[in-house]
Amino acid sequence: MGDNSQATLTWREIPGLDPTRASGPRLLQCKSRRFGDGRGPNFACISLAEKREDKEFSPSFDQILKHPLAMVALVPKDAALFAAGAIAGAAAKTVTAPLDRIKLLMQTHGLRAGQVGAKKGIGFLEAISLVGKEEGLKGYWKGNLPQVIRVIPYSAVQLFAYESYKKLFRGKDGELSLIGRLAAGACAGMTSTFVTYPLDVLRLRLAVEPGYKTMSQVAANMLREEGFASFYNGLGPSLIGIAPYIAVNFCVFDLVKKSLPEKYQKRTEASMVTALVSATVATLMCYPLDTVRRQMQLKGTPYVTVLDAIPGIVARDGLVGLYRGFIPNALKSLPNSSIRLTTFDSVKRLIASGEKELQRIMEENRKNADQSASDNGSS
């Protein structure tokens with residue numbers, strides 16, 4: 001360019017990029033304007049500013065041993081959250097399996113009895129006694145293996161999906177509204193239910209129908225006699241029931257936790273109490289749909305839709321029939337939900353603490369490296 005030219009350099013952000021990231025692609029627009037006639041060459045280029053990995057400042061093996069919390073930050077965050085949901089769900093289900101078996105028997109006894117004059121329902125203590133007398137101690141855990149196999153992906157998918165859906169439903173200001181929280185919970189519940197539903201049907205059949213000892217026997221018989229569609233019997237009421245349950249449960253948990261003073265928000269006890277409150281509210285609201293779902297899953301059920309099942313159950317057992325098994329379900333689901341949500345919340349805090357510890361170590365290593373370079377330069 002001649003003496004009568006002037007170059008102008010302009011940095012511009014590319015729309016859609018996350019402005020909170022330390023580095024990212026930027027548009028470098030370079031304009032050349034010629035004085036006088038106003039004409040001149042114009043050009044633009046995209047420059048990718050890649051994030052520096054700073055591998056040379058990563059913690060050494062000795063530092064990891066001295067500060068094991070930093071090791072948590074080395075595990076991919078998504079993988080850690082997924083694993084935490086799976087482990088918490090499996091442990092909670094195993095601990096509460098006897099109560100779940102009792103609840104299933106109470107929910108389905110009237111339909112299974114079937115014959116005229118049969119007792120319409122059995123009580124909590126009667127169901128406990130019946131299982132112990134007919135099947136012994138191991139009977140309380142009958143059907144637990146498919147439940148654990150189901151709950152590992154179920155819990156992992158549900159908790160992980162909730163975090164993902166929350167990001168999806170955030171507004172333009174980055175905040176999550178009440179409707180957004182409810183929608184995120186509903187979508188997470190339906191996603192995990194649909195993925196693992198066949199295992200839930202197998203668990204129910206194994207728990208309440210006599211003559212089966214393994215999941216493979218139940219599955220083979222269902223395929224032979226009822227077809228593949230039988231694995232999704234009751235899916236409609238399941239999705240209808242789980243969507244509001246998870247929506248209310250997760251939403252109440254987040255909002256109550258957020259409303260607490262900041263000094264209590266990071267305490268495990270606060271998470272447990274908050275989880276119990278949210279699970280209680282959700283269970284009271286949604287339990288009748290769970291009873292409908294269970295009765296629609298049974299072999300030979302007379303119910304095709306939710307509209308058939310609700311009046312049918314009320315006609316046979318009264319309104320109380322919709323809440324059969326509520327006590328053992330509450331005793332099971334409340335601690336179950338509390339364990340899952342508390343564990344998940346604790347793991348998220350642990351990951352955040354691990355990331356801070358890793359950054360502290362790397363910053364310390366960086367300072368040491370700069371100090372060494374300065375000492376070498378001055379010598």
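Q: Which residue does R294 form a salt bridge with, and how far apart are the closest N and O atoms?
A: R294 pairs with D200, and the closest N and O atoms are 3.3 Å apart. This is a predicted model, so the distance is computed from predicted coordinates.

Q: Where do R294 and D200 lie?
A: R294 is in helix α11 and D200 is in helix α7, so the salt bridge ties together parts that are 94 residues apart in sequence.

Q: Buried or exposed, those two?
A: R294 and D200 are both buried.

Q: How many salt bridges does a search of the whole structure find?
A: The search finds 16.

Q: Which residues are joined into one network by salt bridges that share partners?
A: The network is made up of E163, K166, R181, D254 and K348.

Q: Take K166 and E163. How far apart are the closest N and O atoms in that salt bridge?
A: For K166 and E163 the figure is 3.5 Å. The two residues are three apart in helix α6, so about one helical turn separates them.

Q: And is K166 buried or exposed?
A: K166 has a relative accessible area of 8%, which makes it buried. E163 also counts as buried, because its relative accessibility is 18% and the limit for buried is under 20%.

Q: What about R181, which side chain does it meet in a salt bridge?
A: The side chain of R181 meets that of D254, at 3.2 Å from N to O. This pair links distant parts of the chain, with R181 in helix α7, D254 in helix α9 and their positions 73 residues apart.

Q: What are the accessibility values for R181 and D254?
A: R181 has a relative accessible area of 9%, so it is buried. D254 is at 14% and counts as buried too.

Q: Changing topic: how many cavities of 30 Å³ or more are there?
A: The count comes to three. The largest holds about 570 Å³ of space.

Q: Which residues are closest to the centre of the largest cavity?
A: Y154, I242, Y245, D290 and R293 are the closest, out of 33 lining residues.

Q: Which elements give two or more residues to that lining?
A: Those elements are α4 (97–113), α6 (144–168), α7 (178–208), α9 (235–259), α11 (268–297) and α13 (326–378). Helix α11 gives the most, with seven residues.

Q: How do the lining residues of the largest cavity divide into nonpolar, polar and charged?
A: Ten are nonpolar, twelve are polar and eleven are charged.

Q: And the second largest cavity, about how much space lies in it?
A: About 90 Å³.

Q: What is the second largest cavity lined by?
A: The lining consists of L159, Y162, E163, K166, F250, F253, D254, L341, F344, D345 and K348. Among them, E163, K166, D254 and K348 also belong to the salt-bridge network.

Q: How many residues of each class are in that lining?
A: Six are nonpolar, none are polar and five are charged. Helices α6, α9 and α13 each supply at least two of the lining residues.

Q: Back to α11. Is T283 buried or exposed?
A: T283, which is found in helix α11, has a relative accessibility of 4% and so counts as buried.

Q: What does T283 touch, not counting residues up to four places away in sequence?
A: T283 touches Y245, F326, N329, S333 and L334. Y245 is also one of the residues closest to the centre of the largest cavity.

Q: How many aromatic pairs does the structure hold?
A: The structure holds ten. One of them is Y323 with F326, an edge-to-face pair at 5.8 Å centre to centre with 70 degrees between the planes.

Q: What are the accessibilities of Y323 and F326?
A: Y323 is at 35% relative accessibility, so it counts as partly exposed. F326 is at 21% and is partly exposed as well, because buried requires a value under 20%.

Q: Which residues do ring pairs link into a cluster?
A: The cluster contains F194, Y197, F228, F231 and Y232.

Q: Last one: where is K77?
A: K77 is in helix α3, which covers residues 77–95. K77 counts as partly exposed, at 45% relative accessibility.

Q: What is K77 in contact with, leaving aside neighbours within four places in sequence?
A: K77 is in contact with I351 and E355. The C-alpha atoms of K77 and A352 are separated by 9.5 Å, although the two residues are 275 apart along the chain.

Key:
Residues numbered from 1 in each chain as written. Predicted model: local features only at pLDDT ≥ 70, side-chain atom pairs only at ≥ 80, totals over all residues. Heavy atoms only, no water. Phe/Tyr/Trp six-rings, centres within 6.5 Å; stacked < 30°, edge-to-face > 60°. Buried < 20%, exposed > 50% of the residue type's maximum accessible area, 1.4 Å probe, protein only. Helix = DSSP H or I, 4+ residues; strand = E, 2+ residues; numbered from the N terminus. Contact = heavy atoms within 4.5 Å. 1 Å grid on protein atoms, 1.4 Å probe; cavity = no way out; pocket = protein on both sides within 12 Å on 5 of 7 lines; lining within 4 Å. Points joined across faces, edges and corners; volume = space filled by probe spheres on them. Nonpolar A, V, L, I, M, F, W, Y, C, P; charged D, E, K, R; others polar. Salt bridge = Lys/Arg side-chain N within 4 Å of Asp/Glu carboxyl O.
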